[in-house]
Amino acid sequence: MRADETTASSAAVTTQDLTRVYGSGAGAVRALDGVSASFARGRFTAVMGPSGSGKSTFLHCLAGLDRPTSGAVVVAGQQLARLNRTALAKLRRERMGFVFQAFNLLPVLTAEENITMIAHLARRRVDRAWMAQLVARLGLADRLDHRPAQLSGGQQQRVAIARALLTRPDVVFADEPTGNLDSRSGTEVLRFLREAVETENASIVMVTHDPTAAAYADEVLFLADGRIVDTLAEPTVDEVLARLRRISEPS
Ligand SMILES: Nc1ncnc2c1ncn2[C@@H]1O[C@H](COP(=O)(O)OP(=O)(O)OP(=O)(O)O)[C@@H](O)[C@H]1O
């Protein structure tokens, strides 16, 4: 356990009254409108909502990829708005992991080099035993010398997951991680993320449109018009669909 974890709350990420306004004047768009949320350590949370409800904006603000107009984001005990660019980049490298819909692997690097890239950037010694475990569990052992173009989409996403987990981040942000995958590869990815939560106490925040993917989470947050309008613990596909339908109905 890191020293600062002994005093930190059980939350991996918290937000307080998060607001993000794009543009100004009559054309201003309030993409987030006072979102306060807490993502506990060792929990898998899905963020859902209709198109334009603010999901991507929320994830980008949580991950320090976008600056909120007002309100606070705290990751690993640090308030992002108080960090300069260098400190924010360091925090992102060392304490956050990322899994994107488009995989975002470097094409010139092998699978192994992609997996270790963030650890190298963070000047961290690669934990070889942990890496071997990840690679074995993700079924990548015989693919480590391949470049991304030589891998299937599912394999590329599994490389991205190994990269995200290798540094044992405080939180993994996943943006539609199954959006580019067929259902079998998508299921493998979701099962692995679930397993990482169960066995490694990983904390995952995942934006998804897919109720099946959301059902792998411990909890679903529903956004509409930039606000949290509902939450669902221990989600099932049917209940997620019912809640989404309710949100989309005109009131
Ligand atoms: N850079 C931007 N400039 C202006 N408006 C933006 C910008 N990014 C997002 N928006 C607006 O903010 C609102 C929320 O967008 P956001 O992309 O966060 O929604 P979303 O729930 O992720 O949507 P989707 O499911 O379609 O990806 C939308 O009205 C969108 O048009």
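**View 1. Helix 6 and helix 7 are roughly parallel to each other.** The angle between them is about 15°, and angles under 35 degrees count as roughly parallel, over 145 as roughly antiparallel, 65 to 115 as roughly perpendicular and the rest as oblique. Their axes lie 9 Å apart. This is a predicted model: local features need pLDDT of at least 70 and side-chain atom pairs pLDDT 80 or more, while totals for chains, interfaces and linings use all residues. Residue numbers start from 1 along each chain as its sequence is written. Helix 7 spans residues 183–200. Helices (H or I, at least four residues) and strands (E, at least two) are DSSP runs, numbered from the N terminus. Axes are lines fitted to C-alpha atoms, for helices over the stretch in contact, with angles from 0 to 180 degrees between N-to-C directions. Helix 6 brings G153, G154, Q157, R158, I161 and L165 to the contact. Helix 7 answers with S185, E188, V189, F192 and A196. Contact here means C-beta atoms, placed from the backbone, within 7 Å. By class, five of these residues are nonpolar, four polar and two charged. Nonpolar covers Ala, Val, Leu, Ile, Met, Phe, Trp, Tyr, Cys and Pro; charged covers Asp, Glu, Lys and Arg; the others, Gly among them, are polar.

**View 2. Helix 4 also packs against helix 6.** Helix 4 covers residues 111–121. The two axes come within 8 Å and cross at roughly 25°. Helix 4 and helix 6 are therefore roughly parallel to each other. From helix 4, the contact draws on A111, N114, I115, T116, M117, I118 and A119. From helix 6 come V159, A162, R163 and L166. The class count is eight nonpolar, two polar and one charged.

**View 3. Helix 5 meets helix 6 through nonpolar residues.** Helix 5 holds residues 128–137, and helix 6 holds residues 153–166. They pack at about 150°, with axes 10 Å apart. That angle makes helix 5 roughly antiparallel to helix 6. W130, M131, L134 and V135 of helix 5 touch A162, L165 and L166 of helix 6. The class count is seven nonpolar, no polar and no charged residues.

**View 4. Six strands build an open sheet with mixed pairing.** The strand order is 6-7-8-3-9-10. Two strands pair if DSSP finds at least two bridges between them. Strand 6 (96–100) and strand 10 (227–233) are the edge strands; each has a single partner, so one side of each lacks a neighbour in the sheet. On average, neighbouring strands are turned by 20° against each other, direction ignored. Helix 2 packs on this sheet. Helix 2 touches strand 3 (44–48), strand 7 (171–175), strand 8 (204–207) and strand 9. The direction of helix 2 makes about 150° with that of strand 8. Helix 9 (residues 237–248) lies across strand 3, strand 9 and strand 10. Helix 9 runs at about 160° to strand 10.

**View 5. Strand 9 and strand 10 form a hairpin.** Strand 9 spans residues 219–224. The two strands pair in the antiparallel sense over six bridges. E219 has A233 as its bridge partner. V220 is bridged to L232. Two residues lie between the strands. In the turn, D225 has a positive phi of about 50°.

**View 6. Four strands form an open antiparallel sheet.** The order is 2-1-4-5. Strand 2 and strand 5 (78–79) stand at the edges; each has a single partner strand, so one side of each is left without a neighbour in the sheet. Strand 1 (residues 11–22) and strand 2 pair over nine bridges, in the antiparallel sense. Within this pairing, R20 of strand 1 is matched with L32 of strand 2.

**View 7. Twelve labels mark the ligand shell.** Y22, G23, V29 and A31 are among the residues around the ligand. The shell also includes G49, S51, G52, S53, G54, K55, S56 and T57. A residue is near the ligand if its C-beta atom, placed from the backbone, lies within 6 Å of it. Strand 2 (29–40) and helix 2 (55–62) each supply at least two shell residues. Helix 2 gives the most, with three residues. By class, the shell has three nonpolar, eight polar and one charged residues.

Terms used
Two residues are in contact if their C-beta atoms, placed from the backbone, lie within 7 Å.
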